[in-house]
Amino acid sequence: MATASLSSFSSDTTIDEISDRIYRISTPVKIPGGGFSFNQYLIDDDEPLLFHTGLRKMFPIVAEALARIVPIDRLRYVGFSHFEADECGALNAFLAVAPRAEPLCGQIAAMVSVGDYADRPPRALDDGETVSLGRHSVRWLHTPHLPHAWECGFLMETTSATLLCGDLFTQGGSQLPPLTERDILEPSEAFRREMDYFSHTRNARAMLERLAALNPTTLACMHGSAWRGDGSALLRALADSVERG
């Protein structure tokens, strides 16, 4: 999505609980034209799950923040939406310090990239498959090419109705609140139209409708603020906007 040099990484990483024992770890960066943020999400449970790792060079910053919440060697799963540097660039670094951790991804990601790249075999999920973490559980939702990448998918945390929605609703800027109830569609659509990072798959409406039917109340966005509210309405509004171009 965006590139940043190691020197642009800030020590101003923040940790915020956006839902019950679900933490947003956010690192602001400087990129050409302004600020940006890279967010990871930790579900703290009997079997802790980290969703997104950050870029490989961000590992020391993200790991230090994560260790404030749980010991890193307790990590059980390292999941991500699709195979891209900011989603899983630090995957092998986390596997090296978390001996029980497994990469968690969809079947396609495991087949085309992760099975070869990762230093430990991935747990490859079928569409709709659920993994129990203890009090929480996550369900894999296959969303090919939404917003991009054949292997793309999201995790729905079913207990809290939190959708770990990856690059959907990406917002620019680095000084945004960790969790907001204000509109994120307008700023995220402005960012999308400027960068045009959507694949424009013909199946976008059907996939967004499927996500909306899950009635998420928290959207854990990878870039920018997480959001709380009527997730079904927001996802359908995104479908309308994408169809308009």
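**Exercise 1. Locate Gly-166 in this predicted model, decide whether this residue is buried or exposed, and find which residues it is in contact with.**

Solution. Begin with the chain itself: Gly-166 sits in the loop that links β11 (162-164) to β12 (179-180). Next, take the relative accessible area of Gly-166, which is 0%; since a residue counts as buried when this value is under 20%, Gly-166 is buried. Then look for contacts, leaving aside the neighbours within four places in sequence: Gly-166 touches Phe-51, His-52, Ser-81, Phe-154, Ala-220, Cys-221 and Met-222. Finally, compare sequence with space for one pair: Cys-152 is 14 residues from Gly-166 in sequence, and their C-alpha atoms are 9.1 Å apart.

**Exercise 2. Work out in what order the strands of the open sheet follow one another, and which strands stand at its edges.**

Solution. Reading across the open sheet, the 7 strands come in the order β1-β2-β3-β4-β5-β6-β7, and their pairing is mixed. The edges are held by β1 (14-19) and β7 (123-125), each of which has a single partner strand, so one side of each lacks a neighbour in the sheet. Ignoring direction, neighbouring strands of the sheet are turned against each other by 25° on average. At the β7 end, β6 (residues 102-106) pairs with β7 in the parallel sense over 3 bridges, and Cys-105 has Ala-124 in β7 as its bridge partner.

**Exercise 3. Describe how β3 is joined to β2 and to β4, and explain why β3 is largely enclosed.**

Solution. Start with β2 (22-31) and β3 (34-43), which pair in the antiparallel sense over 10 bridges; one pair across these strands is Thr-27, standing opposite Phe-38 in β3. The two strands form a hairpin with 2 residues between them, where Gly-33 takes a positive phi near 95°. On the other pairing, β3 and β4 run antiparallel and are joined by 3 bridges, with Leu-42 opposite Leu-50 in β4, while the hairpin of β3 and β4 has 5 residues between the strands. As for burial, 8 of the 10 residues of β3 are buried, which is why this strand is largely enclosed by the rest of the structure. A helix also belongs in this picture: α1 (residues 59-66) lies across β1, β2, β3 and β4, and runs at about 150° to β2.

**Exercise 4. Describe the packing of α5 and α7, and then follow Arg-192 of α5 through its contacts.**

Solution. Two packed helices are described by the angle between their axes and by the distance between those axes. For α5 (residues 185-195) and α7 (residues 231-244), the angle is about 35° and the axes are 11 Å apart, and α5 passes α7 in a right-handed crossing. The residues making the contact are Leu-185, Glu-189, Arg-192 and Arg-193 from α5, together with Leu-234, Ala-237, Leu-238, Ser-241 and Val-242 from α7; sorted by character, they divide into 5 nonpolar, 1 polar and 3 charged.

Now turn to Arg-192, which lies in helix α5. Its relative accessibility is 2%, so Arg-192 counts as buried. The side chain of Arg-192 reaches the backbone oxygen of Gly-245 at 3.2 Å. Leaving aside neighbours within four places in sequence, Arg-192 is in contact with Tyr-197, Phe-198, His-200, Ser-241, Val-242 and Gly-245.

Notes. Residues are numbered from 1 along each chain as its sequence is written. This is a predicted model: local features need pLDDT of at least 70, side-chain atom pairs count only at pLDDT 80 or more; totals for chains, interfaces and linings use all residues. Side-chain values use heavy atoms; hydrogens and water are left out. Two strands pair if DSSP finds at least two bridges between them. Helices (H or I, at least four residues) and strands (E, at least two) are DSSP runs, numbered from the N terminus. Axes are lines fitted to C-alpha atoms, for helices over the stretch in contact, and angles run from 0 to 180 degrees between N-to-C directions. Contact means heavy atoms within 4.5 Å. A crossing is left-handed if the near helix is turned anticlockwise from the far one by less than a right angle, and right-handed if clockwise. Ala, Val, Leu, Ile, Met, Phe, Trp, Tyr, Cys and Pro count as nonpolar, Asp, Glu, Lys and Arg as charged, and the others, Gly among them, as polar. Buried means under 20% relative accessible area, exposed over 50%, partly exposed in between (1.4 Å probe, protein chains only). A polar contact is a pair of N or O atoms within 3.5 Å; within protein, one must be able to donate a hydrogen and the other to accept it, and residues adjacent in sequence count only if both atoms are side-chain atoms.
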